[in-house]
Amino acid sequence: MLQGAVISEDMVKDGYEDIMNIDISSVAIELMRTKYEHFPQLKYLQMDFRDMSFFSDDTFDCIIDKGTLDSLMVWKVSCCFIAITLLI
């Protein structure tokens, strides 16, 4: 979640007002609560996202899975690296 916090901070700067950040690591949650305590729009909850029964079905308008974004970015970077290597 540490990199994911940058996304949350950017969303606040873009005008989003109610952002829930979830991580299974209580250490990561506490680090982010401390780092971003000046952003009241950011809320933090330690939990396993595979069980979202804590929330009602209509709680969120959108969910962003940072792990999926990371996987896509790694693929993009890997493809660029391969292309550059082939050019050399």
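A polar contact is a pair of N or O atoms within 3.5 Å, and within protein one of them must be able to donate a hydrogen and the other to accept it. The exercises below apply this and similar criteria to a predicted model.

**Exercise 1.** Decide whether the side chains of Asn21 and Ser8 make a polar contact, and place Asn21 in the fold.

*Solution.* Begin with the distance: the side chains of Asn21 and Ser8 are joined by a polar contact of 2.5 Å, and the limit for such a pair is 3.5 Å. Next, locate the residue: Asn21 belongs to strand E1, which covers residues 19-23. Finally, consider its exposure: with a relative accessible area of 7%, Asn21 counts as buried, because buried means under 20%.

**Exercise 2.** Describe the secondary structure and determine which elements supply at least two residues each to the largest nonpolar core.

*Solution.* The chain contains three helices and two strands, and along the sequence these follow the pattern α-β-α-β-α. The largest nonpolar core has nine residues, namely Met11, Val12, Ile19, Ile29, Met32, Tyr36, Phe39, Leu42 and Tyr44. Helix H1 (4-13), helix H2 (26-35) and strand E2 (42-46) each contribute at least two residues to this core. For the chain as a whole, 20% of the 88 residues count as buried.

**Exercise 3.** The structure holds four salt bridges; work through the pairs Glu9 with Lys13, Arg33 with Glu30, and Asp18 with Lys43, stating where the partners lie.

*Solution.* Take first the pair within helix H1: Glu9 and Lys13 form a salt bridge of 3.1 Å, N to O, and they stand four residues apart, about one turn of the helix. Glu9 is buried at 17% relative accessible area, whereas Lys13 is exposed at 58%.

Turn next to helix H2, where Arg33 and Glu30 are three residues apart, about one helical turn. Their closest N and O atoms are 2.6 Å apart, and both residues are partly exposed, Arg33 at 35% and Glu30 at 42%.

The remaining pair named in the task is Asp18 and Lys43, whose closest N and O atoms lie 2.8 Å apart. Asp18 sits in the loop between H1 and E1 and Lys43 in strand E2, so this salt bridge ties together parts 25 residues apart in sequence. Asp18 is exposed at 60%, while Lys43 is partly exposed at 33%.

**Exercise 4.** Identify the residues that make the nonpolar surface patch of about 260 Å², and classify Leu72 as buried or exposed.

*Solution.* The patch is made by Ile64, Leu69 and Leu72. Leu72 lies in helix H3, residues 66-87, and its relative accessibility of 51% classes Leu72 as exposed, because the cut-off for exposed is over 50%.

Key: Residues numbered from 1 in each chain as written. Predicted model: local features only at pLDDT ≥ 70, side-chain atom pairs only at ≥ 80, totals over all residues. Heavy atoms only, no water. Core = buried A, V, L, I, M, F, W, Y, C linked by side-chain atoms within 4.5 Å. Buried < 20%, exposed > 50% of the residue type's maximum accessible area, 1.4 Å probe, protein only. Patch = residues over 30% accessible without salt bridge, like charges linked within 9 Å, V, L, I, M, F, W, Y side chains within 5 Å. Areas by Shrake-Rupley, 256 points an atom, 1.4 Å probe, with all protein chains shown as cover. Salt bridge = Lys/Arg side-chain N within 4 Å of Asp/Glu carboxyl O.
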